[in-house]
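Okay, thanks for making room for me this morning. I'd like to walk you through one model, so let me put it up on the screen.

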Amino acid sequence: MSLDLHGPGLWYVTRATGLVALVLLTASVLLGLLNAGRFRGERWPRFLTQGLHGNLSLLVLAFLTLHVASTVLDSYTSISLTAAFVPFASSYKPLWLSLGAIAVDLLIALVATSLLRGRLGHRAWRRVHWLAYACWPVAVAHGLGIGTDRSATWVIGLTLGCIISVAAITTWRVVTLAAGAR
C-alpha cells in the first residue's frame with residue numbers, strides 16, 4: 001500500500017479530520033463550560049465532566065495533528081508546515097488559513113498549560129485557559145472560510161449544531177453566574 005500525495009486521498013483525510021476536530025473541540029468546550037459552572041447531577045458527578053473534558057481535548061489535538069499533517073503532505077495546495085503554525089505565512093487563502101494557524105497555536109497553548117497546570121499554579125493556568133473562548137470561534141471561522149464542504153447542507157447543519165450548542169451552554173453559564181451574583 002502506498003500513500004499517493006497527488007490524488008484525492010489526503011484531501012478526504014484533511015476534510016474528515018477537520019470536521020471531526022470541530023465536533024470534538026465543540027464537545028470539549030461544552031464540557032469545559034459545564035465544568036466551570038460546577039455542573040453535576042445524581043448520575044453525573046463533576047469529576048466525570050472534568051475527565052471527559054481533558055481527554056477530549058487530547059483527542060482534539062490528535063485529530064488536529066492528522067488534519068495539519070494531511071494538509072501539509074497534500075501536494076495540491078502546497079501549504080507548508082510553517083503556515084500551519086504561523087499566521088499569514090502562506091499565500092493560499094491567507095486569512096482563512098491564518099485563522100486555522102491561530103486556532104492551532106491557541107489549542108497548543110491550552111493543552112500545554114493544562115499538562116503543566118501543577119507547576120504553573122491555578123491562577124496562571126486559568127488566565128491562559130481563557131484562550132479557549134477565542135480558540136473555538138476562530139476554529140469555526142477557519143472551517144467556514146476555507147472548508148471545501150462548507151456549502152454542503154450536512155456541513156452547514158453540523159456547524160450550526162456546534163454553534164447553537166455552544167451558544168446554549170454559554171447562555172446557561174452566564175445566567176448561572178448572574179444568578180449567583182445576586
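So, start with L107. Skip the neighbours within four places in sequence, and L107 is in contact with L25, V60, L61, L64 and C135. Before I go further, remember that this is a predicted model.

Now, what does L107 belong to? L107 is part of the largest nonpolar core, a set of 27 residues. Within that core, the members that touch the most others are L25, V29, L107, C135 and W136. Which elements feed it two or more residues? Helix 1 (9-36), helix 2 (46-73), helix 4 (94-115), helix 7 (132-146) and helix 8 (153-181). Helix 1 gives the largest share, eight residues.

C135 deserves a second look, as it shows up both among the contacts of L107 and among those core members that touch the most others. C135 has just 1% relative accessibility, so it counts as buried. C162 is a buried cysteine too, with a relative accessible area of 6%. And if you're wondering how many disulfides there are, the count is zero.

Let me zoom out for a second. The protein chain has eight helices and zero strands, so if you read from the N terminus on, the elements go α-α-α-α-α-α-α-α. There are 182 residues in the protein chain, and 34% of them count as buried. For the contact-map people: take contacts between residues at least 6 apart in sequence, and 62% of those join residues at least 24 apart. On the outside, the accessible surface of the protein chain comes to about 10900 Å², with 69% of that belonging to carbon and sulfur atoms.

Back to single residues, and a polar one this time. S57 lies in helix 2. Is S57 buried or exposed? Its relative accessibility is 16%, and the cut-off for buried is under 20%, so S57 counts as buried. Again leaving out the neighbours within four places in sequence, S57 is in contact with S28 and V111.

Okay, aromatics. How many aromatic pairs does the structure hold? Two. In one of them, W11 and Y12 have ring centres 5.2 Å apart and planes at 50 degrees, so that pair is tilted. If you want the cut-offs, stacked would need planes under 30 degrees apart and edge-to-face over 60, which is why 50 degrees ends up as tilted. Both residues see some solvent-accessible area: W11 is partly exposed at 33% relative accessibility, and Y12 is partly exposed at 46%.

The other pair is W130 with Y133, where the ring centres are 5.0 Å apart and the planes sit at 45 degrees, so this pair is tilted as well. W130 is exposed, with a relative accessible area of 52%, whereas Y133 is partly exposed at 43%.

While we're on rings, there are a couple of arginines to click on. R15 lies over the face of W11, at 4.1 Å from the ring centre. So W11 has an arginine over its face as well as a tyrosine partner in Y12. R117 lies over the face of W125, at 3.7 Å from the ring centre.

Last stop: helix 3 and what follows. T82 is in helix 3, residues 81-85, and T82 counts as partly exposed at 47% relative accessibility. T82 and A101 are 19 residues apart along the chain, and their C-alpha atoms are separated by 9.1 Å.

Then comes the loop between helix 3 and helix 4, and that's a place to look at backbone torsions. Which residue there has phi near 60 degrees? That's F88, which lies in this loop. It's a positive value in a residue other than glycine. F88 is also exposed, with a relative accessible area of 57%. K93 lies in the loop between helix 3 and helix 4 too, and phi of K93 is near 40 degrees, again positive and again not a glycine. K93, though, is partly exposed, with a relative accessible area of 33%.

That's my tour. Happy to rotate the thing if anyone wants another look.

Key
Residues numbered from 1 in each chain as written. Predicted model: local features only at pLDDT ≥ 70, side-chain atom pairs only at ≥ 80, totals over all residues. Heavy atoms only, no water. Phe/Tyr/Trp six-rings, centres within 6.5 Å; stacked < 30°, edge-to-face > 60°. Buried < 20%, exposed > 50% of the residue type's maximum accessible area, 1.4 Å probe, protein only. Lys NZ or Arg CZ within 6 Å of the ring centre and 35° of its normal. Core = buried A, V, L, I, M, F, W, Y, C linked by side-chain atoms within 4.5 Å. Helix = DSSP H or I, 4+ residues; strand = E, 2+ residues; numbered from the N terminus. Contact = heavy atoms within 4.5 Å. Areas by Shrake-Rupley, 256 points an atom, 1.4 Å probe, with all protein chains shown as cover. Disulfide = S-S within 2.5 Å.
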